[in-house]
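These exercises concern empty space enclosed inside a protein model. Work through each task before reading its solution.

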Amino acid sequence: MAKDLSFICTACNAVHSKWSGQCDACGAWNTIEEAKPLSSGPKSKGLGTKRGRALDLTDLATEQPEPPRTLAGVDELDRVLGGGLVKASALLVGGDPGIGKSTLLLQAAARFARNGLKVLYVSGEESAAQVQMRARRLELTESPVRLASETNLRDILTTLDAEAPDLVIIDSIQTMWLDTVEAAPGSVSQVRSAAHELTTFAKRRGIAVVMVGHVTKEGQIAGPRVVEHMVDTVLYFEGERGHQFRILRAVKNRFGPADEIGVFEMTGRGLVEVKNPSALFLSERGEPAPGSVVFAGIEGSRPMLCEFQALVAPSPHSQPRRTVVGWDGGRLAMILAVLESRAGIPFTGLDVYLNVAGGLRVGEPAADLAVAAALISAREDAALPKDCVVFGEISLSGALRPVGQTENRLKEAAKLGFRTAVTPVRAKRVGSGGVELREMRDLPEFVEEVFGAR
């Protein structure tokens, strides 16, 4: 009997054949728990033909109706969902504590309810009176949203069978528990089983289910990663506590593009969608200053301009500091190495600080050239013109590589009043949208043309 048992680390999801105090994979202590099967039905030596039922088979030529979508009426939310909420879909929303997940979903529930959907909001962390208190603050008390406060998943599914809603919001999946699983709420077994039951229920009954997930200190959704594979859409709600901006990012979407983002602003009355994120992220930008460079990026399918800020200062320590906020620290180390090796600009003995203004996180390689420009500008104390944007990828050889959607980047820059763009040389010409292009072939040419001989 014991040989059938398996154990899972709640920190890294590594599977172990026996229990131990420390996980061999990640080194965490007291994180290994017994993994129990979802069901314990009668065992048999094999699957016989009499045990199942025949399936209805179709082919690709058979016309299947496209799943209907419902718009929330919030452009930023509908954009991230891929054009609206899909019936019989399962969504997982994760984010840091206090970032505004419950506020976002309560506002979304009110919007969908006003658009004709029957919405049920189930909270496992707050009472119904506490949810109503937040609804009064957000001025949503007139919305026909049904509330429930419960953690027993068996009772919740029974209620859903009787109510037959169109949309169910579960806040949160870590508080749900099944009486058939002998584990504490929030454990790997409970989270996996609850997510499986809710996803299966959504597909069987044609109900859209939104599950809120807690995140770990590394920023990943807590619990087994299999939950993210079960659901149709995974959304992350991001933002810095010191900034009012919030980013809703799709990292998985079976019904729309991944890496799509929606931008919101946190106000006293909840979250307000931002129609023009580029203008908002650049609204506090003043006169040109050394280390400040505007990057024309692409987030999902939309162009977005943001500001990279760099500070380079002599280091009093033997090991200079490299601090990054909003960008990849490993890629910063690569850019510094290429600048020193290919362009002859050393950063030895200098502390380097890099920040993306507004709390935005940038991940595309097209920001390489903007980062290099910010670093050189800060090191040489030379500011770039205020009406100049920079984008391009840097290879390890020091060559500048063109990036995709150049025309969309330039159009967004022109719309916000930028007149010059520093870009890599492109083989295919596209419209510049009225922006003067300064094309560079490699990093040494960029340093010579933009900053002069140093």
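## The second largest cavity

By class, 5 nonpolar, 4 polar and no charged residues make up the lining of the second largest cavity. The model is a predicted one.

**Exercise 1.** Which residues line the second largest cavity, and what is the volume of that cavity?

*Solution.*
1. The lining of the second largest cavity consists of L81, G84, L85, V86, S89, L91, T233, N253 and F255.
2. Gly counts as polar, so G84 joins S89, T233 and N253 in the polar class.
3. L81, L85, V86, L91 and F255 are then the nonpolar members.
4. The volume of this second largest cavity is about 50 Å³.

## The largest cavity

**Exercise 2.** How many cavities of 30 Å³ or more does a search of the whole structure find, and how much space lies in the largest cavity?

*Solution.*
1. The search gives 3 cavities of 30 Å³ or more.
2. The largest cavity holds about 140 Å³ of space.
3. Its lining has 15 residues, and L77, L105, A108, F112 and V210 are the closest to its centre.

**Exercise 3.** Which elements each supply at least two residues of the lining of the largest cavity, and what classes of residue does that lining have?

*Solution.*
1. At least two lining residues come from each of β6 (90-95), α2 (101-114) and β9 (167-171).
2. Helix α2 gives the most, with 5 residues.
3. By class, the lining of the largest cavity has 15 nonpolar residues, with no polar and no charged ones.

How values were computed: Residues numbered from 1 in each chain as written. Predicted model: local features only at pLDDT ≥ 70, side-chain atom pairs only at ≥ 80, totals over all residues. Heavy atoms only, no water. 1 Å grid on protein atoms, 1.4 Å probe; cavity = no way out; pocket = protein on both sides within 12 Å on 5 of 7 lines; lining within 4 Å. Points joined across faces, edges and corners; volume = space filled by probe spheres on them. Helix = DSSP H or I, 4+ residues; strand = E, 2+ residues; numbered from the N terminus.
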